[in-house]
Amino acid sequence: MTILGATGSVGTSTLDLIERDPQTFRVEALTAHGDVAGLAAAARRTRAALAVIGDAKLGPQLAEMLADTDTETAAGADAIAEAAARGADWTMAAIVGCAGLRPVMAALAAGGCVALANKESLVSAGAIVMEAARSHGATLLPVDSEHNAIFQCFDAAAPDRVRRIILTASGGPFRTRSRAEMAAVTPAQAVRHPNWSMGAKISVDSATMMNKGLELIEAHHLFPVGLDRIEILVHPQSVIHSMVEYCDGSILAQLGTPDMRTPIAHALAWPQRMAAPVERLDFAKVGRFDFEAPDPERFPAIGLARAAIEAGGARPAVLNAANEVAVAAFLAGRIGFLDIAAIVCETLDRYDPPAPDSLDAVLAVDGEARAVAGRMMEGLAA
Ligand code: NAD
Ligand code: MG
C-alpha cells in the first residue's frame with residue numbers, strides 16, 4: 001500500500017491503523033511535502049520501500065535520515081506522482097488541495113483501490129477523475145466521512161430508487177456567530193473545530209462551510225443522483241455522518257463517533273470489515289440529535305459551490321483554486337475571515353474560462369485562477 005500525504009491528519013490516522021497490523025499491511029511508498037522528519041520516522045517504522053518528499057530541496061536531508069535503512073528516497077512533485085504510479089494494491093490519497101490531483105490520476109491509471117480523502121481533486125476535475133477510474137478499472141473508495149457514510153448506505157444497483165442524499169454538516173466553530181462576529185475571528189479560532197481534529201485548510205473550510213460546498217460537488221461526482229437531490233443539513237453533534245433516503249420513505253444513515261479512523265478502516269478493509277480503535281458511541285451521553293438548515297446569508301460559500309457545480313465546466317476548478325489561495329492568505333494573517341468567500345466570488349466573476357477537457361487543462365485553469373485570486377488579494381492588502 002501507498003500513503004500520499006502520510007504526515008497529515010488523514011495520513012497519520014491511516015498509519016495508526018496499519019501499524020497495528022504490520023503482518024497484513026506492507027508499505028510501498030509514503031509521501032509528504034515539507035515534514036521531512038515525520039516522513040522519515042514513518043518510513044523507518046513501517047519499513048517503507050520508498051519515501052518521497054515533495055519539497056525538492058529537502059531531498060538530501062531525507063536521504064541522509066534514511067541512509068541506514070533499505071528505504072529508497074526521492075524528492076519533488078514529479079517523484080510523488082511517480083510513487084503513486086507504482087501502483088500499490090491500495091493507495092490512500094490524503095494530500096491536501098489540487099496538488100493531489102496528478103498523484104490521484106497516476107494512482108488511478110495504475111488500477112487498484114484508491115481511497116480518496118483528497119476531495120479537491122474531485123472538485124477540480126470530477127469528470128476526468130471518475131472517467132480515469134472507469135477506464136483503468138480502478139476502484140475509488142470515498143474516505144471523506146460523509147461520502148463514506150453515503151457509500152455505506154447507497155444501493156449502487158438501484159440509484160433510481162434513491163430520493164435524496166442528506167449530507168450532514170457540523171456547522172463548524174462559527175455556526176452560531178453573526179457576520180459581524182465572523183469578520184473579526186482569528187486563524188487560531190477558525191482551526192479549532194468543535195468535533196473533528198483535522199488539517200488547517202479543511203478546518204478553515206469547515207468554518208466557512210466551503211467544506212460542505214466542496215463535499216456537495218464531491219457527492220455529485222461519486223453518486224449518480226441529480227444535484228437537486230443532494231441536500232445539506234446542519235447536525236452539530238457530528239454523529240450521523242450522512243443519510244440516503246429511498247423512494248419508499250426509508251432513510252438509511254451511518255453513525256459513529258467523529259473519528260476518521262472509522263471511514264479509513266472501512267476503506268482499508270472493504271469489502272470486508274476490520275476492527276478500529278475508536279471510541280464507542282455512547283448514545284446516552286450524546287443525549288440528543290439536533291438539526292437545522294444551513295444559513296445561506298452567513299455561509300455564502302455553500303451557495304457559491306452549488307452555483308459552480310450547476311454551471312459545470314471550469315467553474316468548480318476556479319472555485320477550488322480561489323478558495324485554496326484565500327484560505328492560505330487567511331491562515332497567514334493577510335486577509336480577514338469574510339474575505340475568503342468574497343475572494344472566491346470575485347474570482348468566479350473575473351475568470352470564466354471554457355470547460356477543461358484534460359488533466360493539463362484543469363491544471364492550467366487552476367494556475368490561472370490562483371493568479372487572479374492572488375492579484376485580488378494584493379489589492380486588498382494594499
Ligand atoms: P493535512 O494538512 O493535515 O495534511 C496534508 C498532507 O499533504 C501532508 O502529508 C502534507 O505533507 C501533504 N501535502 C501538502 N501540500 C502538498 C503538496 N503541495 N504536494 C504534496 N503533498 C502535499 O491535511 P488533512 O487534514 O490530512 O487533509 C488531507 C485531505 O483529506 C484534504 O483534501 C482534506 O480535505 C481531506 N479530508 C480530511 C479530513 C480530516 O479529518 N483531516 C476529513 C475528510 C477529508
Ligand atoms: Mg467531510
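Which helices each supply at least two residues of the shell around ligand 1? Keep that question in mind for the first view; the model shown here is predicted.

**View 1. Ligand 1 and the residues around it.**
The answer to the opening question is α1, which spans residues 9-19, and α6, which spans residues 119-135. In total, 22 residues surround ligand 1. If you would like a few to find by eye, try Thr-7, Ser-9, His-33, Glu-120 and Gly-199, which are the closest. Sorted by class, the shell around ligand 1 has 12 nonpolar, 7 polar and 3 charged residues.

**View 2. Backbone atoms that meet the oxygen atoms of ligand 1.**
Here we leave the side chains aside and look at the backbone. At His-33, a backbone N or O atom is 2.8 Å from an oxygen atom of ligand 1. At Gly-8, a backbone N or O atom lies 3.1 Å from an oxygen atom of the ligand. Gly-5 takes part as well, with a polar backbone atom 3.3 Å from an oxygen atom of ligand 1. How much of the ligand does the protein cover? On its own, ligand 1 has 820 Å² of accessible area, and the protein covers 86% of that.

**View 3. The largest pocket, where ligand 1 sits.**
Step back a little from the ligand to see its surroundings: ligand 1 sits in the largest pocket. This pocket has a volume of about 1000 Å³. Its lining is made up of 47 residues, and those closest to the centre of the pocket are Ala-94, Ile-95, Val-96, Glu-120 and Ile-202. You have met Glu-120 before, among the closest residues to ligand 1. Which helix gives the most to the lining of the largest pocket? It is α10, residues 200-208, with 4 residues. By class, the pocket lining has 18 nonpolar, 21 polar and 8 charged residues.

**View 4. The largest cavity.**
Now for the enclosed spaces. A search of the whole structure turns up 2 cavities of 30 Å³ or more. The largest cavity has a volume of about 70 Å³. Around it you can look for Arg-179, Thr-208, Arg-298, Phe-299, Pro-300, Phe-337, Leu-338, Ile-340 and Ala-341, which line the cavity. Helix α16, residues 337-350, gives the most to this lining, with 4 residues. The lining residues divide into 6 nonpolar, 1 polar and 2 charged.

**View 5. The second largest cavity.**
About 50 Å³ of space lies in the second largest cavity. Among the residues that line it are Ser-145, Asn-148, Trp-196, His-241 and Gln-254. Further along the chain, the lining also includes Gly-256, Thr-257, Asp-259, Thr-262 and Pro-263. Two helices, α7 (145-153) and α12 (261-269), each supply at least two residues of this lining. What is the make-up of the lining by class? There are 2 nonpolar, 7 polar and 1 charged residues.

**View 6. Two backbone details in loops.**
The last view turns to the chain itself. Pro-271 is found in the loop between α12 and α13, the latter covering residues 283-286. The peptide bond that leads from Trp-270 to Pro-271 is cis, and its omega is near 5°. Met-209 is found in another stretch, the loop between α10 and α11 (210-222). Although Met-209 is not a glycine, its phi is positive, at about 70°.

Conventions:
Residues are numbered from 1 along each chain as its sequence is written. Chains are lettered from A and ligands numbered from 1 in the order in which they are written. This is a predicted model: local features need pLDDT of at least 70, side-chain atom pairs count only at pLDDT 80 or more; totals for chains, interfaces and linings use all residues. Side-chain values use heavy atoms; hydrogens and water are left out. A residue is near a molecule or strand if one of its heavy atoms lies within 4 Å of it. A polar contact is a pair of N or O atoms within 3.5 Å; within protein, one must be able to donate a hydrogen and the other to accept it, and residues adjacent in sequence count only if both atoms are side-chain atoms. Accessible areas come from the Shrake-Rupley method with a 1.4 Å probe; for residues, only the protein chains shown count as cover. On a 1 Å grid over the protein atoms alone, a cavity is a set of points where a 1.4 Å probe fits but cannot get out, and a pocket is an open set with protein on both sides within 12 Å along at least five of seven lines; lining residues have an atom within 4 Å of a point. A molecule sits in a cavity or pocket if more than half of its atoms lie within 2 Å of its grid points. Ala, Val, Leu, Ile, Met, Phe, Trp, Tyr, Cys and Pro count as nonpolar, Asp, Glu, Lys and Arg as charged, and the others, Gly among them, as polar. Grid points are joined across faces, edges and corners, and a volume is the space filled by probe spheres set on the points.
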